[in-house]
Amino acid sequence: MQFSIILLHLAGAVMLLLWAVRMVRTGVERACGPALRDALRQARDARVRSAGIGIVLAVLLQSSTAVAVLAAGFVASGMVSVTAGLAILLGADLGSALVVQVLSFDLSWLIPALILVGGAMFLKFEARSIKQGGRIMMGIAFVLLSLHMIGEATVPMRQSTLLPLVISYLRADYFTAFAAAALFTWLIHSSVAAILLFVTLAAQGVLPVEVGLFFILGANCGGALIAVWLTRGEAVEARRVPLGNLIFRGAAALAALFALQAVVFPTHLFGSTEGRQLVNLHLAFNLALVACCLPFTGMMERLVTLLIADRPPAKARADLMSRRSSALDRTVMRTPGLALASATRELLRMGEVVEVMLRPVMDFFDAGTADQIRQAQKLDDEVNRAHTEIKLYIAEVNRGSMTATEAQRGIELTDFAINLERAGDIVAKNLLVLARELRDKNLRFSRDGWSELSGLHNRVMANMQLALNVLVSSDLDSARQLVVEKERMRKLERMSHDRHLKRLQSGMPQSIDTSDIHLEAVGALKEINSLMASVAYPLLTQSGDLLESRLAKGGGVADEIASAVT
C-alpha cells in the first residue's frame, strides 16, 4: 500500500513537470512567435550561426523537440537547408542541456515569487505579451515545484528492499538501462523532463551515478527519436532533419555506452554530488556532440537524402487527396443535428486548408520558389470544392424537417463557408500573386516593413486558430476575444499604413520599390482576419453581447466589442 502511494506521488509530480515544461514552451511561442521564426529564417548555410540560433531557441522554449519541429517545417518550405537544419538541432540539444543545468539548482525559494508575479500578470492584464510572460513565469515555478515533489516522493525509496536488486540488475545490464531510458523519454515526449527526473533521483541517492550515466545516454537517444516520430507524416525534406540528428545522437550515445564498459570513467571530476555529476556529464556529452558532428552535417545531408528518397509526384498527389477526403456524411441527412455536425467537421477541414495556404506566405515573400507558390495556389481548388459541397449539403438537409435553431445553424455554417472561400481566394489570387511578383522582380521589403508584415501575419494565423476553435466549441469568451482581435488588427493595419508612408517620405529605396506590394498585403491580411472574426457574431448575438442594430451596453468586454464594430 505504501509503495503504491509513493508511485502515485511520483507519477503526479512527473505529470506536473511535463505540464509545466509545456506551459513554458507555449508561453514563449505565443509571446515571441514572430521573433522565433525570424531567427530560424536567418539560418541559411552558416553552420556555427545555425547552431547558435538552435541553442538560443531551445533555451527559450525549454525543448529541443519544439525547435526540431520548427526547423523541419522551415526545411520543408525551402527556407532552410537540411545542413543548416541539422546544425540547428545540434545546437538545440546543447541548449536544452543548458536548461537542465539551470533548473537543476535549488531554486525553490523562487517558487512563491514566480507564482505571485506570474499569476498577477496572467490574470490581471489583457496584453498578450504580458499574459504570456506570466504564463512563462508560472510554468518555471511549477517546474521547480515538481522537482521538489519528485525529491520528496523518492525519499522512502532509499529504504526499499526491491530497489537495490533493480539497481544491481541495471548496473550489470547496461543496454537494458539505456533502452528503458530511451523508451521512457520517447513516451513522455520531453528529454528535459526525463533528464531532470533522473538527476533528481540521483540527488536523492536513489539512482547511482554509473546507472544514471546509462539513463542519460538513453534519454539523449530517446529525445532525438521524439522529433522523428512527430514528423513521420510530414514532407520528405522535413523528415530528413530529425533522422540525421537521430543518427548523430544515437551513434554517439551507443559509442559512449560501450566505451563506459571498457574504461573506468572519472565521474568524480564532474561534480561533488551524483546529481551534479549527471547534469555536467549531460552538458559535456552535448557539447562534444556539437564540436564533433557540426563539420559533418553536409555529409549527413547526403546520407539522409539516400535513406529518405524524394516521393514520386503521383504518389504525393494521391496522398494529398486521401488526406482531403470529404467529412460530409450523406447517411445522416435525415437527422439534421448529425448532418450539421458533419458539415461542421468538413468546414473545419476547409479552414485547415486555408490555414495551410496562408501559413507559408511570409516564407514565400522571403525566398519562395515559383513551384512552391504554384502548389499553394492549387489548394484553392480544394477550398472551392469544399465550399460548394458544404453549401449544397446544407441546402439539401434544409429541405427536410428542421427546427428553427437547426435552420439558423445551417445558415451560419453556410455563411462561414462563404467567408472561408473568400479568404482562400485572397490568399491564392492576392497574397501569393504578390509573393510571385516580389520574387520575379527580385525585391525585398525594408526591415521595418518586414517586421510589420510578419507581426500582422502571425496575428492573423493566431486568430484563424481561435476562429476554428469557436466554430467547434462555441466558446463565448473566445468569441469575444475574436471580435476584440478584429479591432486590434484594424488599428495595427492603420499604424502600418502610416509608418509605411513615413518611410516613403524619408526616401527609403526598399520601401519605395515594394510600396504597392506592402500596402496590398497589409490590406489582404486585415480582410482575412475580418472574415475569420465573422464566426463569432452569431454566438455573440445569441448571448446578448451583440444586438442586431447595436451592441449591448454594460461595460467591460461588451464595451471593448463595441469599439470593434464602430
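**Loops, cores and a buried Glu**

User: Is Ser474 buried, exposed or partly exposed?
Analyst: Ser474 has a relative accessible area of 36% in this predicted model. Burial would need under 20% and exposure over 50%. That value falls in between, so Ser474 is partly exposed.

User: Which loop holds Ser474?
Analyst: Ser474 isn't a glycine, yet it has a positive phi of about 55 degrees. As for its place in the chain, Ser474 lies in the loop between α19 and α20.

User: And Asn442, buried or exposed?
Analyst: Asn442 is another non-glycine residue with a positive phi, about 55 degrees. It lies in the loop between α18 (404–440) and α19 (447–473). Its relative accessible area is 67%, and the cut-off for exposure is over 50%, so Asn442 is exposed.

User: Which side chain does the side chain of Glu485 make a polar contact with?
Analyst: Glu485 is found in helix α20 (residues 476–505). With a relative accessible area of 1%, Glu485 is buried. Leaving out residues up to four places away in sequence, Glu485 touches Arg128, Arg459, Asn463 and Asn529. The polar contact, at 2.6 Å, is with the side chain of Arg459.

User: Which helix gives the largest share of the largest nonpolar core?
Analyst: That core has 96 residues, and Leu17, Val143, Ile150, Leu196, Phe198, Leu207 and Phe215 touch the most other members. The largest share, 13 residues, comes from helix α4 (residues 82–103).

User: What is Leu196 in contact with, leaving aside neighbours within four places in sequence?
Analyst: Leu196 is among the residues that touch the most other members of the largest nonpolar core. Two others on that list, Leu17 and Val143, are also contacts of Leu196. With neighbours within four places left aside, the full set is Leu17, Val100, Leu103, Ser104, Val143 and Leu147.

User: How many residues are in the second, separate core?
Analyst: Phe364, Ala376, Ala435 and Phe445 are included in this second core. Its total is 69 residues.

User: Over residues 548–566, how many contacts are there beyond near neighbours in sequence?
Analyst: For the protein, the mean pLDDT is 82, and 88% of residues reach 70 or more. Over residues 313–323 the pLDDT is below 50, and that stretch has four contacts beyond near neighbours in sequence. Where pLDDT is low, the predicted coordinates shouldn't be read in detail. Residues 548–566 also have pLDDT below 50, and their number of contacts beyond near neighbours in the model is 23.

How values were computed
Residues numbered from 1 in each chain as written. Predicted model: local features only at pLDDT ≥ 70, side-chain atom pairs only at ≥ 80, totals over all residues. Heavy atoms only, no water. pLDDT = per-residue confidence, 0-100. Contact = heavy atoms within 4.5 Å. Core = buried A, V, L, I, M, F, W, Y, C linked by side-chain atoms within 4.5 Å. Buried < 20%, exposed > 50% of the residue type's maximum accessible area, 1.4 Å probe, protein only. Helix = DSSP H or I, 4+ residues; strand = E, 2+ residues; numbered from the N terminus. Polar contact = N/O pair within 3.5 Å; in protein donor to acceptor, adjacent residues only side chain to side chain.
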